[in-house]
Amino acid sequence: MKLIHIHPSDNVAVALETIPRGDTVTVDGIEVTALEEIARGHKIALTDIAKDYPVIKYGNPIAIASADIKKGSWVHTHNVHTGLCEHADYVYDHKVYDLPVYTDEQKAQMTFNGYRRKDGHVGIRNELWIIPIVGCVNGIAKQLVLENQDLVTGTIDGLYYYPHPFGCSQLGDDLAQTKKLLTALVRHPNAGGVLCLGLGCENLQLDMFKEALGDYDSDRVKFLICQDVEDEVEEGSRLLRKLAEYASAFRREPVPASELVVGMKCGGSDGLSGITANPAVGRFSDRLIALGGSTVLTEVPEMFGAENILFSRCKDKETFDEAVAMVNDFKKYFTDHGQVVYENPSPGNKKGGITTLEDKSCGCVQKGGSAQIVDVLRYADPVTKKGLNILSGPGNDLVSATDLTASGAHLILFTTGRGTPFGAPAPTVKISTNTPLYNKKRDWIDFNAGTVADGEETLDQAGERLLQYVLRIASGEQTLAEKHGCREISIFKDGVVL
């Protein structure tokens, strides 16, 4: 199969492999001759499309023709433009779709081996984390990690630090967001022990940090203000040894899949993202939710143009109103900075076949599957409800992956058509949209969803295979990003740096 016609109402199809100029192909009974080369992931017109007429893909308008487009033509940025604007009206039109059904016996068999914490939460890693309260101490955190690798033994899976430039010279909402994000990471159950490292003179003072953190286990969380001690490396190493002693008592034990929280993200997308990897993740999400688990979808700007696909699945009117407010707040964030809401696809996205933000968004939201949206979370809010959650955050890979981790995601599924090596603090599974990327970047890509485009398996089969893979990752199998030491955070900011 060289083309895929995603929805019966679509007036374009997507090339699953490059179609040379002059080749005639048939899809869903429609015969079309390519008037020019159509690269893999790009769109071909299945009928004449008049100027100012919508281009339909996924059953939704994803662009407006800026010129007359002949049947068989390449449909891309040269002959279409976005149809988005800053304001849109939303109507709650509730829809419910069936999810997979599991028997009690099947649910009982769906387990992973995790670490049960004293507060009842479950982690899938038993790591020691150093969280800098302020960027000034990043170098000290790095030195502590390098000099204490001997602590990584037994059931302790690793010792890591998460550098960032903030915690000082910030005001208002930015300082509050830094504080909220960092304290959320301290609470993450993948960390068996956490050392919070401050300088002493920063805006984000330790008493403010502790107040935001709330109740904590003093055996699991330690604090060090470097200006208060003579030798911060010696004292930090002493505290890490105490944390290691505490964390080493944890052992993996069988845990129901219903305890899992999985974040969902895409980046370096291409024209196959919404056809293979993203809907395969959606099938996974539906399965995990049917088992009683939770998934989290973010990247609010990559919902623009596809909001109604999600909004119709909000479990009630209150949740719908919260989702609308989240999207409108993000649009206001753009316009307050003098930016249009529709200029999102990157050069790599466009080269891979994504034409407009609507095109990208309709593919992006496929990761949300068919489940009901049970909650709308603000930046770094924790997941508290079982099911599909949507989380406020930008499209930026590092910022949104950090946001997902802070919300409590045990691991992150990251789909990509072009590849990326980065990893969040939570294990980050890279899922390729196409087999050539999987074969080319075997040191980056953990899971190949290009098999769907190759005709080797259905989306349901890919989703089931992904579920089994996730359970193995949750039980301790490392992702490639983990093996390569790719772990980063990035904190969302909006205002002035002093």
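The following exchange goes through some named features of a predicted model.

Reader: Why are helices α3 and α11 called oblique to each other?

Author: Helix α3 (residues 172-186) and helix α11 (residues 397-406) pack at an angle of about 55°, with their axes 8 Å apart. Angles under 35 degrees count as roughly parallel, 65 to 115 as roughly perpendicular and over 145 as roughly antiparallel, while the rest are oblique. The angle of about 55° belongs to the rest, and α3 and α11 are therefore oblique.

Reader: Which hand does the crossing of α3 and α11 have, left or right?

Author: The crossing in which α3 passes α11 is left-handed.

Reader: Which residues of α3 and α11 meet, and how do they divide into nonpolar, polar and charged?

Author: From α3 come L181, A184 and L185, and from α11 come T402, T405 and A406. Four of the residues in this contact are nonpolar, two are polar and none is charged.

Reader: What makes Y58 count as buried?

Author: Buried means under 20% relative accessible area. Y58 has 11% relative accessibility, and therefore counts as buried. Y58 lies in the loop between β6 (54-57) and β7 (60-65). Its phi is near 60°, a positive value in a residue other than glycine.

Reader: Why is A380 called buried?

Author: The relative accessible area of A380 is 3%, set against a cut-off of under 20%, so A380 is buried. A380 sits in the loop between β19 (373-377) and β20 (387-391). Phi of A380 is near 65°, a positive value in a residue other than glycine.

Reader: How do you know that H410 is buried, and where is H410 placed?

Author: H410 is in the loop between α11 and β21 (411-416). With a relative accessible area of 4%, H410 falls under the 20% cut-off, and so is buried. Leaving aside neighbours within four places in sequence, H410 is in contact with residues including V122, G123, I124, H188, P189 and N190. Also among them are E259, L260, V261, A426 and P427.

Reader: What makes the side chains along strand β3 alternate?

Author: In β3 (residues 24-27), V25 and V27 point to one face and are buried. T24 and T26 point to the other face and are not buried.

Reader: How do you know that β3 and β4 pair?

Author: Pairing needs at least two bridges. Four bridges join β3 to β4 (residues 30-33), so the strands pair, and they run antiparallel. T26 stands opposite E31 in β4. The hairpin of β3 and β4 has two residues between the strands, and D28 takes a positive phi near 50° there.

Key. Residues are numbered from 1 along each chain as its sequence is written. This is a predicted model: local features need pLDDT of at least 70, side-chain atom pairs count only at pLDDT 80 or more; totals for chains, interfaces and linings use all residues. Side-chain values use heavy atoms; hydrogens and water are left out. Axes are lines fitted to C-alpha atoms, for helices over the stretch in contact, and angles run from 0 to 180 degrees between N-to-C directions. A crossing is left-handed if the near helix is turned anticlockwise from the far one by less than a right angle, and right-handed if clockwise. Contact means heavy atoms within 4.5 Å. Ala, Val, Leu, Ile, Met, Phe, Trp, Tyr, Cys and Pro count as nonpolar, Asp, Glu, Lys and Arg as charged, and the others, Gly among them, as polar. Buried means under 20% relative accessible area, exposed over 50%, partly exposed in between (1.4 Å probe, protein chains only).
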